[in-house]
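Thanks, everyone, for making time this morning. I would like to talk through how the helices pack in this structure, so please have a look at the view before I go on.

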Amino acid sequence: MNVHRGPDDADEPIVPDVPDVTALAELDADLPGPAAAAQLRAAARTDPRAAAVLNALAATRADLAALPEPPVPSEVEARWTAALAAEA
């Protein structure tokens, strides 16, 4: 596997030509620095598998965003209320 490191991104991780799922998930979460992110995006544009992973991550995020917020358990709400009352 070939990897790249540019002269201006010495602190950036080495980016493989074909990114793995972990690297793609980190890209999706905006974790890599600008240089590494640019390299990952370029590699993902030429790799159908990488594009499929990024599309699946986006679809999963959209599915999760569409779910209603779960209710706060009553035990947790009671503890919050007690803690706030103690601070007042």
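The crossing of α1 and α3 is right-handed, and I should say straight away that what we are looking at is a predicted model. The two helices pack with their axes 10 Å apart and at an angle of about 45°, which makes α1 oblique to α3. On the α1 side, the contact is made by Val21, Leu24, Ala25, Leu27 and Asp28, and these meet Arg49, Ala50, Val53, Leu54, Leu57 and Arg61 of α3. Sorted by class, the contact of α1 with α3 comprises eight nonpolar residues and three charged ones, with no polar residue among them.

Staying with α3 for a moment, this helix runs over residues 48-66, which is 19 residues, and its span from the first C-alpha to the last is 27 Å, close to the 27 Å expected at 1.5 Å a residue. Its N-terminal end is capped by aspartate 47, which places a side-chain oxygen 3.2 Å from the backbone nitrogen of arginine 49.

Now to the other pair, helix α1, residues 21-28, and helix α2, residues 34-45, whose axes come within 10 Å and cross at roughly 120°; that angle makes α1 oblique to α2. What is the handedness with which α1 passes α2? Here the crossing is left-handed. From α1, Ala23, Leu24 and Leu27 take part, and they meet Ala37, Leu40, Arg41 and Ala44 in α2. The residues of this contact of α1 with α2 divide into six nonpolar and one charged, again with no polar residue.

Conventions. Residues numbered from 1 in each chain as written. Predicted model: local features only at pLDDT ≥ 70, side-chain atom pairs only at ≥ 80, totals over all residues. Heavy atoms only, no water. Helix = DSSP H or I, 4+ residues; strand = E, 2+ residues; numbered from the N terminus. Expected span 1.5 Å × (residues − 1). Polar contact = N/O pair within 3.5 Å; in protein donor to acceptor, adjacent residues only side chain to side chain. Axes fitted to C-alpha atoms, helices over the stretch in contact; angles between N-to-C directions. Parallel < 35°, antiparallel > 145°, perpendicular 65-115°, else oblique. Left-handed = near helix turned anticlockwise from the far one by under 90°. Contact = heavy atoms within 4.5 Å. Nonpolar A, V, L, I, M, F, W, Y, C, P; charged D, E, K, R; others polar.
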